[in-house]
Amino acid sequence: MRILLIDDEEKLALHLQKGLNQAGYSVDVALSGTAGLEQAALGTHDLILLDLMLPGTTGFDLLRNLRDFGIDTPVMILSALNQSQHVVRGLDLGAVDYLRKPFELDELLARIRTVQRGQAGSRLPVWRVADLTMDLATREVSRAGKTITLTPREYQLLEQFMRQPGRVLSKAQLTEKVWDSDFDRGSNVVEVHMHQLRKKIDKGFDAPLLETVVGVGYRLRGTLTNA
């Protein structure tokens, strides 16, 4: 899941970004309503976390603009405005949830998982490609019954391949989906993570699943089914 956080409190925004990154989410930060609307219009995010008290505009106005422009990305409001009238107005404008500040990161993560379940149906699926499985609810990965421990970033990378096995994904595509917008695209971080992921997925097994397509990108061999 790629998240857009729109909040003018830079210290808080960076703190949330770090916590969400550690939980396995990619997070872009916008420190104003204008920047947030521009990023939201790209249509590359699965969820928007929106503060209401923004410079030059309000979160309510921004939420209305999003819907007027046909941007239907789910929006969760994070706000210190805690009166019932604010909650009702936010939900009536189309927000999927309203979380009052201050809040604990664990509660935010639980609410994000609720949004994910709503997007995927009542139960998140278990994906299988060949003998490799990924449980989207528990975030557990295994191959031939053997549990594979992945870092949050490795999990995000593998999820991209599990979504579309057989398709070659370029470095640029992986960067866009898995890393934040300020990622240094000239670095070799993607290659390093892919090397580690391939070792964990394929080492000790006869048939390799993750392969490099020279000059193009990477591919997961097989067909996706629900376990």
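1. A word on terms before the tour: contact here means heavy atoms within 4.5 Å. Axes are lines fitted to C-alpha atoms, for helices over the stretch in contact, and angles run from 0 to 180 degrees between N-to-C directions. Helices (H or I, at least four residues) and strands (E, at least two) are DSSP runs, numbered from the N terminus.

2. Keep in mind that this is a predicted model, in which local features need pLDDT of at least 70, side-chain atom pairs count only at pLDDT 80 or more, and totals for chains, interfaces and linings use all residues. Residues are numbered from 1 along each chain as its sequence is written, and side-chain values use heavy atoms, with hydrogens and water left out.

3. Start with the parallel sheet. Five strands make up this open sheet, in the order 2-1-3-6-7; two strands pair if DSSP finds at least two bridges between them. Strand 2 (26-30) and strand 7 sit at the edges, each pairing on one side only. From one strand to the next, the twist averages 20°.

4. At one edge, strand 1 (residues 2-6) runs parallel to strand 2, joined by five bridges. Leu5 is found opposite Val29 of strand 2. Helix 7 packs on this sheet, where it touches strand 1 and strand 2, and its direction makes about 50° with that of strand 1.

5. At the other edge, strand 6 (residues 75-79) and strand 7 (residues 97-100) run parallel, with four bridges between them. Here Ile77 stands opposite Tyr98. Between these strands the chain passes through helix 4 (residues 84-92), in a right-handed β-α-β crossover (with the strands pointing away from the viewer, the path from the first strand over the helix to the second runs clockwise).

6. Helix 4 also has a helix partner. Its axis and that of helix 3 (residues 59-68) come within 10 Å and cross at roughly 15°, so the two are roughly parallel. For the wording: angles under 35 degrees count as roughly parallel, over 145 as roughly antiparallel, 65 to 115 as roughly perpendicular and the rest as oblique. Phe60, Leu63 and Arg64 of helix 3 contact His86, Arg89 and Gly90 of helix 4.

7. Now the antiparallel sheet. It is open too, with five strands in the order 11-10-9-8-14. Its edge strands are strand 11 (146-148) and strand 14 (224-226). Neighbouring strands are turned by 30° against each other on average, direction ignored. Strand 10 (residues 140-143) and strand 11 are joined by three bridges, and Arg143 has Lys146 as its bridge partner in strand 11.

8. Helix 6 lies across strand 8 (126-129), strand 9 (132-135), strand 10 and strand 14, at about 110° to strand 9. Helix 6 (residues 152-163) also packs against helix 8 (residues 189-202) at about 75°, with the axes 10 Å apart, which makes the two helices roughly perpendicular. Arg153, Glu154, Leu157, Leu158 and Phe161 of helix 6 meet a helix 8 set including His193, Met194 and Leu197. That contact has six nonpolar, two polar and three charged residues (Ala, Val, Leu, Ile, Met, Phe, Trp, Tyr, Cys and Pro count as nonpolar, Asp, Glu, Lys and Arg as charged, and the others, Gly among them, as polar).

9. Helix 8 has a second partner worth checking on screen. Helix 7 (residues 171-178) packs on helix 8 at about 90°, the axes being 10 Å apart, so this pair is roughly perpendicular. Lys171, Leu174 and Thr175 of helix 7 meet Val190, Glu191 and Met194 of helix 8.
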